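Open the model in your viewer and show it as a cartoon. The tour below goes from the whole chain to single residues, one selection at a time.

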Amino acid sequence: MSVNYADETRHCDVLVVGSGGAALSAALRAASAGLSVIVAEKSAWLGGTTAMSGGATWVPANHHAKAAGLADSPEEALRYLTASAPEGWAATESELWQAFAESAGEMLQFIERQTPLRFALTPEADPLHHLPGAKAQGRMVAPLPLRASTLRGQRWAIRPSPLPQLFTYHETIGLDIWHHPLRESLRMAPKLAWRALTRTRTKGAALIGGLLEGCRRLGCQVETQARVETLVTSAEGRVTGALINQEGRLLQILTTRGVVLACGGFEWDAQRRNLHFPGNTDFIASPRSNSGDGHRMAEAIGAQLAHMDQATIGGGIPSRYLGESYGLSVFFQYEPDAILVNKRGQRFVNEFTFNLGEALDARQPDGSPEQLPVWMIADGGLLRRSPLLRYYAWRSRGWLRKAPTLTALAAQIAIPAEALTASV
């Protein structure tokens, strides 16, 4: 059912809502099939959380692993996915897992054919290495650097990262930047200077830049500051488009094939977050545009939502991003002489647990947090080894608590001194 009060009506085959890695990959695939595509991003920045990330992705049975002589297969990937999933998920998700396992390698080849992106293997193993189908290497890939000259279209406004992206993902995990940022930067100074001079993008910015260039080549229209307000449906309930508010103008986009909702999570929607993740949240490490628009619009037309209790939860450092408070995601709990204790002062988890968020988000029968608030306890050696941590602690007075004794520290952070002493 079309709307007659819109300022403008446009037509396309597919409307993609969002501009992160998933959204642009969907737009690229649709456009490669000869369909007309409009990408609508509500922010002034393109790329979403992907642009801020390391850009690495898990792709089983890919051609780079095969070229390196690393054996893998969709069947092994499916075994790993099945074994690593939460109990009960297979009943509804097994067909999706199978489709992913069979198509992931083909997807990576498609991306490299249709865009200037090139990927390389990282040395990382599957994190749950003890499970059936796990591999010691070959499934994690990350984009190689991408020069601005490769992006022959307009200068895309790609969302900046809170950390400098001159280092590639491979260099970030291969060098000791966290403990020796100055030393590693000086050692790579000529290469880093050349990247800055040529406006070379790395990590998530390279991934988004390459996908945007591929979409441009295939004729996709990309609209920014275009917030999708609601989905348009036919009398039979089929989605036929959407209404978009673009800087005060109401656009009606009518589609022949449908709308792809790939517009991020709901972590900046306080009401929905409190419903699914009760308890204090110190920092959020994603764009404020991740406010649950897709969930809201899908629910409004009767969609069923599942697995809403799933999130990436971990430690963070207080920082600033685009002039606003922000949490810098850093896995500093991996450091030696550091433990995590809960509100009772008890160490409750192995700090190297891959899915740390599952332990942090444990619930009591009434739904309230079992462990939160959680504190990381460490000695002075942590700060001596971590200049970046010292820097951010200096910038955010009061975030780091210090005391000469465990008893005094326990009083500061309001946890039982006896339990903290026993845990340490």
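Helices (H or I, at least four residues) and strands (E, at least two) are DSSP runs, numbered from the N terminus. By that count the chain has 16 helices and 13 strands. The radius of gyration, taken over C-alpha atoms, is compared here with a globule rule of 2.2 Å times the number of residues to the power 0.38. For this chain the radius is 23 Å, close to the 22 Å that the rule gives for 424 residues, so the chain is as compact as a globular protein of that length.

Two notes before selecting anything. This is a predicted model, in which local features need pLDDT of at least 70 and side-chain atom pairs count only at pLDDT 80 or more, while totals for chains, interfaces and linings use all residues. Residues are numbered from 1 along each chain as its sequence is written, and side-chain values use heavy atoms, with hydrogens and water left out.

**Whole chain**

Show the C-alpha trace: along its principal axes it spans about 70 × 55 × 45 Å. Switch to the surface, where accessible areas come from the Shrake-Rupley method with a 1.4 Å probe and, for residues, only the protein chains shown count as cover. About 21800 Å² is exposed, and carbon and sulfur atoms supply 53% of it. Buried means under 20% relative accessible area, exposed over 50%, and partly exposed in between (1.4 Å probe, protein chains only). Of the 424 residues, 44% count as buried.

**The sheet of 6 strands**

Two strands pair if DSSP finds at least two bridges between them. Select the open sheet with the order β6-β2-β1-β9-β8-β7, whose pairing is mixed. Its edge strands are β6 (221–223) and β7 (226–233), each pairing on one side only. From one strand to the next, the twist averages 40°; axes are lines fitted to C-alpha atoms, for helices over the stretch in contact, and angles run from 0 to 180 degrees between N-to-C directions.

Next, select residues 8–17 and 249–261. These are β1 and β9, which run parallel and are joined by 9 bridges. Leucine 15 has valine 259 as its bridge partner in β9. Now add residues 293–300, helix α11, which lies across β7 and β9 and runs at about 15° to β7. Contact means heavy atoms within 4.5 Å.

**The sheet of 3 strands**

Move to the open sheet with the order β3-β5-β4 and antiparallel pairing. Strands β3 (57–58) and β4 (119–121) are at the edges with a single partner strand each, so one side of each has no neighbour in the sheet. Select residues 140–143 for β5, which is joined to β3 by 2 antiparallel bridges. Methionine 140 in β5 is the bridge partner of tryptophan 58.

**Cysteines**

A disulfide is a pair of cysteine sulfur atoms within 2.5 Å, and the count here is 0. Select cysteine 215: its nearest cysteine sulfur, that of cysteine 220, is 4.2 Å away. Cysteine 215 counts as buried because its relative accessibility is 0%. Then go to cysteine 263, whose sulfur is 15 Å from the closest cysteine sulfur, in cysteine 12, too far for a bond. Cysteine 263 has 19% relative accessibility and also counts as buried.

**Last stop**

Is alanine 235 buried or exposed? Select this residue in the loop between β7 and β8 (239–246). At 72% relative accessibility, alanine 235 counts as exposed. Add leucine 131, 104 residues away along the chain: the C-alpha atoms of alanine 235 and leucine 131 are separated by 48 Å.
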